[in-house]
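I had the model open today and went through a few loops and surface patches. My notes follow.

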Amino acid sequence: VSSGTLTFGPGVSRRTFSVIINGDTDIELDETINITLSNPTGPVSVENGTATITIANDDFATLTVEDVSINEGSTNGTTNFVFSVTLDREVSGGFDVAYTTNDGTATIVNNDYVDNDGSLSLFGTAGETQQFTVLVNHDNTVETDETFTIDLGAVTNNTLASEVLTIDGATGTIIDDDGTLLTFEQPAYSILEPDNGTQLLEIGV
């Protein structure tokens, strides 16, 4: 708490004073300072004698998800696409964040991957990483690489986190590893050599 005195001399109708705001890099909510005028002397009274200074927070943390690119797999089963969610700076108190999987060229209806919507709980420490897994279904279809996206959604259980977090998403790329095999229709061929001229031998592939 600090205080002082303003002196108005004859003919003076305005005086000023300064408040020093200390900078920091803390992740925090907006903060306020209350100022009060009191105890005037002389033939003076106070009207509207309170004011508020709001120190707007300009420090933010970022929550990012790493892209994942893995071969699809061609046998029966699934491939685990493990997504890592990382917090770059401390957010006091921790928080929960929702995540969703969304169709791109890879779709749930085509059985390319298994929908996985959920949430992660973070402690709020700088550099913290949490993970979740999306299952990608194997197939033997020759196709182009396919993608789906990951979105981070609502931040809950911490008012601070919901106001100071910048959130990024990610892409899962399913790399096609299926190819078409070329084979001869039969393993061996024979033909009688002609006495003259040529003989056509048709070989099927």
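I started with Asn57 and asked whether it is buried or exposed. Asn57 is buried, as its relative accessible area is 15%; buried means under 20%, exposed over 50% and partly exposed in between, with a 1.4 Å probe and protein chains only. This is a predicted model, where local features need pLDDT of at least 70 and side-chain atom pairs pLDDT 80 or more, while totals for chains, interfaces and linings use all residues. Residues are numbered from 1 along each chain as its sequence is written, and side-chain values use heavy atoms, without hydrogens and water.

I placed Asn57 in the loop between strand 2 (50-55) and strand 3 (61-65); strands are DSSP runs of E with at least two residues, helices are runs of H or I with at least four, and both are numbered from the N terminus. Which residues does Asn57 contact, leaving aside neighbours within four places in sequence? I found Asp26, Glu28, Leu29, Asp30 and Val164, where contact means heavy atoms within 4.5 Å.

Asp26 and Asp30 turned up again in a negative surface patch, together with Asp24, Glu31, Asp58, Glu90 and Glu163. Patch residues have over 30% relative accessible area and no salt bridge; like charges are joined within 9 Å, nonpolar side chains within 5 Å. A salt bridge is a side-chain nitrogen of Lys or Arg within 4 Å of a carboxyl oxygen of Asp or Glu. Glu163 of this patch sits in helix 1 (residues 159-164).

Next I looked at the nonpolar surface patch: Leu6, Phe8, Val12, Phe17, Val19, Ile21, Leu37 and Val46 have about 660 Å² of accessible area together, by the Shrake-Rupley method with a 1.4 Å probe. Ile21 lies in the segment before strand 1 (31-36) and is partly exposed at 41%. Val12 also belongs to the segment before strand 1, and I noted it as partly exposed at 37%.

Then I went to Gly77, in the loop between strand 4 (68-71) and strand 5 (78-87). Gly77 is partly exposed, with a relative accessible area of 40%. Not counting residues up to four places away in sequence, Gly77 touches Val136, Asn137 and His138. The C-alpha atoms of Gly77 and Asn137 are 6.3 Å apart, with their positions 60 residues apart along the chain.

Last, I checked phi. Asn39 has a positive phi of about 55° although it is not a glycine; Asn39 is in the loop between strand 1 and strand 2 and exposed at 69%. Asn111 has a positive phi near 65°.

Note on methods: Lys and Arg count as positive and Asp and Glu as negative; His and the chain ends are not counted. The place of a charge is taken as NZ of Lys, CZ of Arg, CG of Asp or CD of Glu.
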